[in-house]
Amino acid sequence: MSFSFSQENLEKIAALKKRYPSPKALCLPCLWLVQYQEGYISLDAIDAISEQTTIPPMEVYRVATFYTMFHLEKREKLQVDVCKTLSCKLCGADDILQHLESKDVTINHVECLGSCGTAPVMQINDKNYENLTIEKVESILEELL
Amino acid sequence: MRECKIVSKKFHLPNSHTLSVARKNGGYEALEKLKEYSPTQIVAIIKASGLRGKGGGGASAGEKWELMPQNSEKPSFLVVNCDESEPGTFKDRQIISYDPHLLIEGIIITCYAIKAKQAYIYIRGEYKEYQDILQGAIDEAYGAGLLNACDITIHRGAGAYICGEKSALLESLEGKRGHPRLKPKQKEPEWYFGNPTLVNNVETIASVPFIVQNGAEAYRAFGTQKSPGTLLFAMSGHINTPGVYEAEFGTNMLEYIEQYGGGVKNGKKLKAVIPGGVSCGVLTAKECEGLTLDYEALRAVGSTLGTGGMIVMDADTSMPEVLKNILEFYHEESCGQCTPCREGSGWSDKIMKRVLDGEGSKEDLEKLFELADTMNGKTICVFAPSISIVLLSFLTKFRKEFEALVL
Ligand SMILES: Cc1cc2nc3c(=O)[nH]c(=O)nc-3n(C[C@H](O)[C@H](O)[C@H](O)COP(=O)(O)O)c2cc1C
Ligand code: SF4
Ligand code: FES
C-alpha cells in the first residue's frame, strides 16, 4: 500500500525542520504524523519518513519498534490502555482489568500513566479516565462503543 | 508544618493556564530582572540559591548551568525533561496543566542565562491532553511577543520510560532509539547533535522565576541548609486524599502524609512507604517515624528522595506482590543494551512469579540476591542499580513474607 504525507502534514514537517539542527530529529514527529494520518505505520510510510529525515529506512523501522506507542499494524477495535503499575494496582486496577475482559475492546496493559493520584486509570484515544470504578467504566464504554 | 507555595502558587486559580490569569498574578514579572542582570549573574544567583534538580537526582542546578559555555561557536540548547514516567510521580503534569506560563517564564530566563536560542520540552507520549494545554500557552506567549529571544518546541515521546534518563532523552530527541549513553569521566554539558546542552526537569525550571525575582536568600528561607527550597511532593496508594502538595524540604514525612493525605485509607495502619517513585528503596513504617523529607535524611536511611512521589501502603499489603509488580515494570522498560540489566530484569521478574505461584524455593530467594549483586554498578545507566536497591530493600526488610512463600 502506498503512502504519502498529506499536504497539511508536509507543511508541518517543513515548519518543524526550521526548529531543529538536523532533519534526523524529525523521526519521532514524523512517526506521530503518520500514525495520526493513517492509524498505523506501514512500511511505505517508513520509506517516506526516511526521505524526510535522511535516516535509512531500516533505522526508522528500528526506532518505530522501540517505542511502545507506535503501531506497525492496523488496529481494528477500540484500544483501552489500562495502567497496571503499583499505585493503580493498590487502588483496584485488577478489578477494572477483569471487568474489561468481557468487553469488545482490545485491552493493553500499560505502565504508569502519570495519574497515580487519581488511580485506577485508563487511557483511550489520548484521553485519561481517572478514579475508575466499574460503573464509570461502563458509562465511558457505552459512550465510545 | 507551614504552607509554602513557590511553584504551585497559581494552581488553584480558575483558568490558571491562560496568559491573562498568569499576568494578573505576577506571571512574567521576573523577566524585568533580565534588564538588570547579565547571563553569568543569573547563573550565579541560581547557584547561590542552592536549587537542586527536581527530576530525581538532586544535582546542583547552578553547577550544571556553569558547565554551559558562555562564548561558544556552536549553538547551545536547553532541553526540559517532561518525560515524567517514574511510577508514583505526577507533579510536572500539574505544572504544565495548571501553570504552563511559569514554565515558559523559567525557560526564557534559563535560555538567557545559558545563551540558548532553542528550547525543547520533551514530553512523554501519554501526556497528550496536558501537552495540548502547554502548546496553547506557548502559542499565547508567542502571540504576546514573549518568545522573541528563544524558541520553544514541544517534542513528544512515544512510550519508553528510559527516555527520562537525560542521555537517552537526547538520543530520542536526535531521532534514535532511547538508549542511554556512556557517561564521560569529567564534568561537562550534555550534547545534542554535538552541541552543548543543558537538561533540567520541568519543576527545576519552574522554580527559576521565583529565585531570580526574589533572590537566592528568599529561596533558602525554605527547606534545609543542604536541601533548600520546596518540592511538589506527591502521594498515591492507600491514602485518603492522594495528590500533589508543595512542601519545603525537611518536612516531617508522617505529618505530611497525615495533614495532606488525610492518613491511611480505611483507618488501617501504615505498613510501608516507597519515598520517591518506585526506584527508591522501600521504607518500613518504623523507619518513617521522625523521618524528614530531604535528600540527606532519606540517604541516611539507605533510600533516596527521588522525585518525592510517595507510594503509601497499608498493613494488609502483600510485599512480595508489590515487588513483583515493580519487577514487571523494570522487565518491560529495560532498554536492553546491557546484559546484566536485560537478563537480570527478566529473570528476577520470572523468579518472583514462580515464588508467588507457590512454586519457588529458598534457592530462588538466594538467586534474587545474586541477581541484585550482578545488576549493581555494571551497567551504562543507573536503571539496573535501581533494581538492585529495590530488590534488596524488599527482600531484607520484609524477609519473613518472602520466606513464608517458599516453605
Ligand atoms: C532511568 C531514569 C529515568 C529518569 N526519568 C526522569 C524523568 O522522567 N524526568 C526527569 O526530569 N528526570 C528523569 N531522570 C533524571 C534525568 O536523567 C536527569 O538527571 C534530569 O532530567 C536532570 O534534571 P534536574 O537536574 O533538573 O533534575 C531519570 C533518570 C534515570 C536514570
Ligand atoms: S542499565 Fe538497563 S536501562 Fe540502563 S542502559 Fe543498561 S540496559 Fe539500558
Ligand atoms: S501507577 Fe497507574 S498511573 Fe501511575
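Is Ser348(B) buried or exposed? It counts as buried, because its relative accessibility is 0%, and the cut-off for buried is under 20%. Keep in mind throughout that this is a predicted model.

**View 1. Ser348(B) and a backbone partner.** Ser348(B) is part of helix H14 of chain B, which spans residues 339–356. A polar atom of the Ser348(B) side chain sits 3.3 Å from the backbone oxygen of Ser345(B). So this is a side chain with a relative accessibility of 0% and a polar partner on the backbone.

**View 2. The shell around ligand 1.** Here we turn to the ligand in its surroundings. There are 18 residues around ligand 1, and the ones that come nearest are Gly55(B), Asn81(B), Asn200(B), Asn201(B) and Thr204(B). Sorted by class, the shell holds 8 polar, 6 charged and 4 nonpolar residues. Which strand gives the most to the shell? That would be S5 of chain B (residues 195–201), with 3 residues.

**View 3. Polar contacts to ligand 1.** Zooming in on the oxygen atoms of the ligand, three pairs are worth picking out. An N or O atom in the Asn201(B) side chain lies 2.8 Å from a ligand 1 oxygen. The backbone joins in too: an N or O atom of the Glu84(B) backbone is 3.1 Å from an oxygen of ligand 1, and a polar backbone atom of Lys54(B) is 3.3 Å from one. How much of ligand 1 does the protein cover? On its own, ligand 1 has 610 Å² of accessible area, and the protein covers 88% of that.

**View 4. A nonpolar patch on chain A.** Over on chain A, Leu43(A), Met58(A) and Tyr61(A) make a nonpolar surface patch of about 330 Å². Met58(A) belongs to helix H4, residues 57–66 of chain A. Why does Met58(A) count as exposed? Its relative accessible area is 56%, and exposed means over 50%, so Met58(A) makes the cut.

**View 5. A cis peptide bond before Pro120(A).** Most peptide bonds are trans. The one from Ala119(A) to Pro120(A) is cis, with omega near -5 degrees. Look for Pro120(A) in the loop of chain A that links strand S2 (105–110) and strand S3 (122–124).

**View 6. Two residues with positive phi.** Most residues other than glycine have a negative phi. Asp126(A) is not a glycine, yet its phi is positive, at about 70 degrees. It sits in the chain A loop between S3 and strand S4 (127–129). With a relative accessible area of 22%, Asp126(A) is partly exposed. In chain B, Asn266(B) also has a positive phi, near 55 degrees. Its loop runs between helix H10 (253–259) and strand S9 (270–274) of chain B. Is Asn266(B) buried or exposed? Exposed, because its relative accessibility of 64% is over the 50% cut-off.

**View 7. Chain A as a backdrop.** Step back a little to place the chain A close-ups. Chain A has 7 helices and 4 strands, and from the N terminus on they run α-α-α-α-β-α-α-β-β-β-α. Its C-alpha atoms fill a box of roughly 50 × 30 × 25 Å along the principal axes. What share of the 145 residues of chain A counts as buried? The figure is 52%.

Definitions and conventions
Residues are numbered from 1 along each chain as its sequence is written. Chains are lettered from A and ligands numbered from 1 in the order in which they are written. This is a predicted model: local features need pLDDT of at least 70, side-chain atom pairs count only at pLDDT 80 or more; totals for chains, interfaces and linings use all residues. Side-chain values use heavy atoms; hydrogens and water are left out. A residue is near a molecule or strand if one of its heavy atoms lies within 4 Å of it. A polar contact is a pair of N or O atoms within 3.5 Å; within protein, one must be able to donate a hydrogen and the other to accept it, and residues adjacent in sequence count only if both atoms are side-chain atoms. Accessible areas come from the Shrake-Rupley method with a 1.4 Å probe; for residues, only the protein chains shown count as cover. Ala, Val, Leu, Ile, Met, Phe, Trp, Tyr, Cys and Pro count as nonpolar, Asp, Glu, Lys and Arg as charged, and the others, Gly among them, as polar. Patches are made of residues with over 30% relative accessible area and no salt bridge: like charges are joined within 9 Å, nonpolar side chains (Val, Leu, Ile, Met, Phe, Trp, Tyr) within 5 Å. A salt bridge is a side-chain nitrogen of Lys or Arg within 4 Å of a carboxyl oxygen of Asp or Glu. Buried means under 20% relative accessible area, exposed over 50%, partly exposed in between (1.4 Å probe, protein chains only).
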